[in-house]
Amino acid sequence: MHLYHGTFIDAPAQDELRVRKDHYLLVEEGVIKAVFHYVPEKYATLPVTTLAGTFCIPGLVDLHLHASQLALCGINMDLELLPWLQSYIFPEEARFASEEYADQLYAHFSNALLKSPTARACIFATIHSKATLLLMDKLEKSGLITYVGKVNMNQNAIPELEEDDRAARDTRAFIEAAVEKYQHTLPIITPRFVPSCTKELLSVLGELAEEYDLPVQSHISENKREIAWVKELLFPQASCYGAVYASFGLFGGKRKTVMAHAVHCTEAEIDLIRERGVYLAHCADSNINLASGIAPIQRYLKEGLRVGIGTDIAGGSQLSMFRAVCDTIRVSKLLAERMDDTSVIVTFPEAFHAATKTGGSFFGKVGIFDEGYEFDALSINDDTLIIGSPGTFEQRVERVFYLGNNEAIVSKFVGGKQLF
């Protein structure tokens, strides 16, 4: 057992920023066993680490990003989703057939993610099993806790990325290699999105998810042209986009599932998401860059949907979850202006809660500093951001998100392990 001393700030509820100044966390095997304002006598001989910096927040959870797209961050933002994929993303992902290229790019990605505010993440790789395992090797060494998916797609791409009947076999082999090899880096079933997968492939992926008891990640209702493609041409019999996944056992229920975007969900789809407990990864920066629209996140929160946040690089231009949280708030204000309705604005505590406790729950008891939760923490020094009065701790946390960068992070803990 070990004691950690500091000021701990988290969001146990959507409307609450909780500040516990000068407290102690008792941590055993990576899990918080108790929280004290002073050290009880029976623990007085335990080692104590006073966390460097000014205050601590939970490590942030990125529920959606594409490791293979790191090289394209901040460029080629001149198209909508579907032509952007065909013109830029698919050719870039095809390069990961080269293990040398994959090794180089994934080394950069893993290092950047380690230095970022992210403690845990759900990550897309590419169709290439060997390259995906290279990525998992590097993430495992980093100490971060992640789900990583070998992407599946066998239609409507470029020839180099359209898998044939090898898709099911390669995915099975990838799963078996991953579950045997890693402790903190876990496989996740990953159909790219409905347009890229035939019925046969979706069926096989549902079977593999069931056989190996794996979670699922994909995209849903991101772009109006994509939605029309699914509804009018590919699956006209489906009641909504999400129903396509559901028909193959890839949409919540007993299968833990995270779907990115949900910008243009129908009423039937919202009901299905709620009923099946599907997590949504809100990716505000990406939705702006690719002209997809603004998801009604405040409505989803009020209706009890599980909303987390994702950077979605390279649709999103930055790997920072600080930025992703702020973008969530910013775009909700744009939606409020368009609708002339301020009730749709997402507050900072709500966005912070989504990026910590809600996103963290995809991984278990993660995201707040309470008994029974895993100890994920960022120790923050905000000295360089302060001009004049420091402000309240609540204000200081918000300022770190809006003005801070990786240099504000003094130390990082994931599952009780200090990564730096």
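Here is a chat about the predicted model shown above.

Reader: Hey, what kind of model is this, and what should I know before reading it?
Author: This is a predicted model, where local features need pLDDT of at least 70 and side-chain atom pairs count only at pLDDT 80 or more, while totals for chains, interfaces and linings use all residues. Residues are numbered from 1 along each chain as its sequence is written, and side-chain values use heavy atoms, with hydrogens and water left out.

Reader: Cool. How many helices and strands does the protein chain have?
Author: The protein chain has 13 helices and 18 strands. Those are DSSP runs (H or I of at least four residues for helices, E of at least two for strands), numbered from the N terminus.

Reader: And what's the radius of gyration like next to a compact globule?
Author: The chain has 21 Å, which agrees with the value near 22 Å that a compact globule of 420 residues would have. The radius is taken over C-alpha atoms, and the globule rule is 2.2 Å times the number of residues to the power 0.38. The C-alpha atoms fill a box of roughly 65 × 55 × 40 Å along the principal axes.

Reader: How much of the chain is buried?
Author: 59% of the 420 residues count as buried. Buried means under 20% relative accessible area, exposed means over 50%, and partly exposed is in between (1.4 Å probe, protein chains only).

Reader: What about contacts, what share comes from residues 24 or more positions apart?
Author: Such pairs make up 75% of the chain's contacts with a separation of 6 or more. A contact here means heavy atoms within 4.5 Å.

Reader: Switching to charges, how many are positive and how many negative?
Author: There are 39 positive and 54 negative charges, and their mean positions are 2 Å apart. Lys and Arg count as positive and Asp and Glu as negative, with His and the chain ends not counted. Each charge is placed at NZ of Lys, CZ of Arg, CG of Asp or CD of Glu.

Reader: Ok, helix H1 looks bent to me. Where is the kink?
Author: At Tyr 88, shortly before the proline Pro 91, and the kink is about 35° in a helix that covers residues 81–94. The bend at a residue is the angle between axes fitted to the seven residues ending there and the seven starting there.

Reader: Which residues of H1 are buried, and what covers them?
Author: The buried ones are Leu 81, Trp 84, Leu 85, Ile 89, Phe 90, Glu 92, Glu 93 and Ala 94. Their cover includes strand S6 (60–66), helix H2 (99–115) and helix H6 (224–234).

Reader: Let's visit H6, then. What does Arg 225 touch?
Author: Leaving out residues up to four places away in sequence, Arg 225 touches Glu 80 and Leu 82. Arg 225 lies in helix H6 and counts as exposed, at 54% relative accessibility. Arg 225 and Leu 82 are 143 residues apart in sequence but 8.0 Å apart in space, C-alpha to C-alpha.

Reader: And H2? What is Asp 103 in contact with?
Author: Asp 103, which lies in helix H2, is in contact with Leu 134 and Lys 138, not counting neighbours within four places in sequence. Asp 103 is partly exposed, at 33% relative accessibility. Pro 40 is 63 residues from Asp 103 in sequence, and their C-alpha atoms are 49 Å apart.

Reader: Any odd backbone spots? Which peptide bond is cis?
Author: The one from Ile 313 to Ala 314, with omega near 5°. Ala 314 sits in the loop between strand S15 (306–309) and helix H11 (321–339).

Reader: What is phi at Asp 22 and at Asp 213?
Author: Asp 22 has a positive phi of about 55° although it is not a glycine, and phi of Asp 213 is near 55°, also positive in a residue other than glycine. Asp 22 is in strand S2 (residues 16–28) and is partly exposed, at 39%. Asp 213 lies in the loop between helix H5 (199–212) and strand S12 (216–220), and Asp 213 counts as exposed at 59%.
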